[in-house]
Amino acid sequence: MKPRPLTPTLSPNEKTIGGEGVRLGLLERLAAAQSERARQALLRRLRTVEAVDGAHIQIAGKQLLNFASNDYLGLAQHPALREALAKAVARWGVGASAAHLLGGHRDEHAKLEDALARWTGRERALLFSTGYMANLGVLSALLGAEDLCVQDKLNHASLLDGARLAGCVLKRYVHADVASAARQLDTHPSAPALLASDGVFSMDGDVAPLAELAALCRAQRATLMVDDAHGLGVLGPEGAGSVAEAKLSQDDAPILMATLGKALGVAGAFVAGSATLIDGLVQNARSFIYTTALPPSLAAATSAAIEIARFEGWRRDRLTRLIAHFRSGAAERGIALLASRTPIQPVSIGDSAAALAVSAQLEEAGLYVPAIRPPTVPAGQARLRVALSALHAESDVERLLDALADCLP
Ligand code: PMP
């Protein structure tokens, strides 16, 4: 696969803005590309949130019921996390002051890594500052130019970018299609191979066929990597994630990555697996080595979050009830949803302008449900990404369903 330029394709008109033989200014080109995006209803819009209170946020002075949060268990504002954070700030101050390898690795980080390894049933875990960096770090540390990386077409952008950074041979398979994955592995039968999949797909909400992918990897001597950003805390026994739900051991799924900014309500990410994997990442993962460690206070807050996420099962039970309520209410009202059993419940729209219009109408009605458009999702598949949280009440879900029934084209 050829690397894709970051600049969007310009129309012939826009390409000649500079004129023949005249160098086109980069910012001029950027402005032209943005106008084109706006024309296609694809411009991304940065909004500022002025306040957060439970499931409500305030934007532009207006209280909105928030259906865009990844705080699936309702932990981001939890008093136990605030308290753990404040205590750690009193002990450590604010920043980690250095990279992990140069004095930034505090005992809060070490304790959190142990707790994550125990929770996920892995030998060791290693913290990264963000999920994006964890994926870049793992793929670029493990894969060289001759190696093969096989990925689901709907994987998160950071997995794709990790393979690009590694410069390996990248092959993408049809979403959740194990036979297609097998065909892609067969294209380079003797190359060392990594098969990477999201556990729960971030824009569709469906769960990867992990047991089948693990069996394929075993048969083909490929290494399975699962990005469980949206599964950890939500699926599996004690919320240990999609990999635990599929009963995959460390041998079956040797590389497990997940983020700490979603169900755990804090920030950062980790990779879990064997001592060999973790030691190798410490030596080679540049996005671990060359960056400042997470503030220790965030590590302390995350350790507190794990206790709640593991042992307050009622939060997952409540989510399960809300998901069932939303899906049955949508079916009764003829609202088209994607096939998902997770808190990510996208409403299909198709056209980008229509998705924006419905999102704006919902906002008028006091509901925040952003439209997700290409290139985040494939062309023609714009949608509203409804995210449910244990913070929602059944009546909030009813309100959303009624508003959707009113606003959908
Ligand atoms: N992987 C997946 C599947 C994600 O959804 C995200 C977050 N959008 C990431 C990785 C990146 O995680 P972070 O936000 O911590 O960079």
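1. Surroundings of the ligand. In this predicted model, 13 residues lie around the ligand, and those that come nearest are Thr130, Gly131, His156, Ser202 and Ala229. Sorted by class, this shell holds eight polar residues, three nonpolar ones and two charged ones.

2. Annotated binding site. The UniProt record, an unreviewed entry, places the feature "binding site" at Gly131, Tyr132, Ser202, His230 and Thr259. These positions gather at one spot, because no two of their C-alpha atoms are more than 13.5 Å apart, even though they span 129 residues in sequence. Two of the annotated residues, Gly131 and Ser202, also appear among the residues that come nearest to the ligand.

3. Gly131. This residue, which belongs to the annotated site, lies in helix α5, a helix that covers residues 131–142. Is Gly131 buried or exposed? It has 25 other C-beta atoms within 10 Å, and because the cut-off for a buried residue is 20 or more, Gly131 is buried. When residues up to four places away in sequence are not counted, Gly131 touches Ser158, Ala229, Thr259 and Ala269; one of these, Ala229, is itself listed with the residues that come nearest to the ligand.

4. Thr259. This second member of the annotated site is found in strand β9, which runs over residues 255–259. Thr259 counts as buried because 27 C-beta neighbours fall inside 10 Å. With neighbours within four places in sequence left aside, Thr259 is in contact with Gly131, Ala229 and Ala269. The contact lists of the two residues can be read side by side: Ala229 and Ala269 are touched by Gly131 and are likewise in contact with Thr259, while Gly131 and Thr259 also touch each other.

5. Domain layout. The domain assignment divides the chain into domain 1, made of the segments 54–73 and 313–407, and domain 2, which covers 79–311. The C-alpha centres of the two domains lie 27 Å apart. The annotated positions Gly131, Tyr132, Ser202, His230 and Thr259 fall within the bounds 79–311 of domain 2.

6. Contact between the domains. How many residues of each domain take part in the contact between domain 1 and domain 2? On the side of domain 1 there are 18 residues, and these are in contact with 15 residues of domain 2. Within domain 1, the elements that give two or more residues to this side are α13 (313–333) and β11 (344–350), and β11 gives the most, with three residues. By class, the residues on this side of domain 1 divide into 10 nonpolar, five polar and three charged.

Technical notes
Residues numbered from 1 in each chain as written. Predicted model: local features only at pLDDT ≥ 70, side-chain atom pairs only at ≥ 80, totals over all residues. Domains from an automatic or database assignment. Contact = placed C-beta atoms within 7 Å. Helix = DSSP H or I, 4+ residues; strand = E, 2+ residues; numbered from the N terminus. Nonpolar A, V, L, I, M, F, W, Y, C, P; charged D, E, K, R; others polar. UniProt positions renumbered as here; feature names shortened; annotations may be inferred. Buried ≥ 20, exposed ≤ 12 C-beta atoms within 10 Å, placed from the backbone. Near = placed C-beta within 6 Å.
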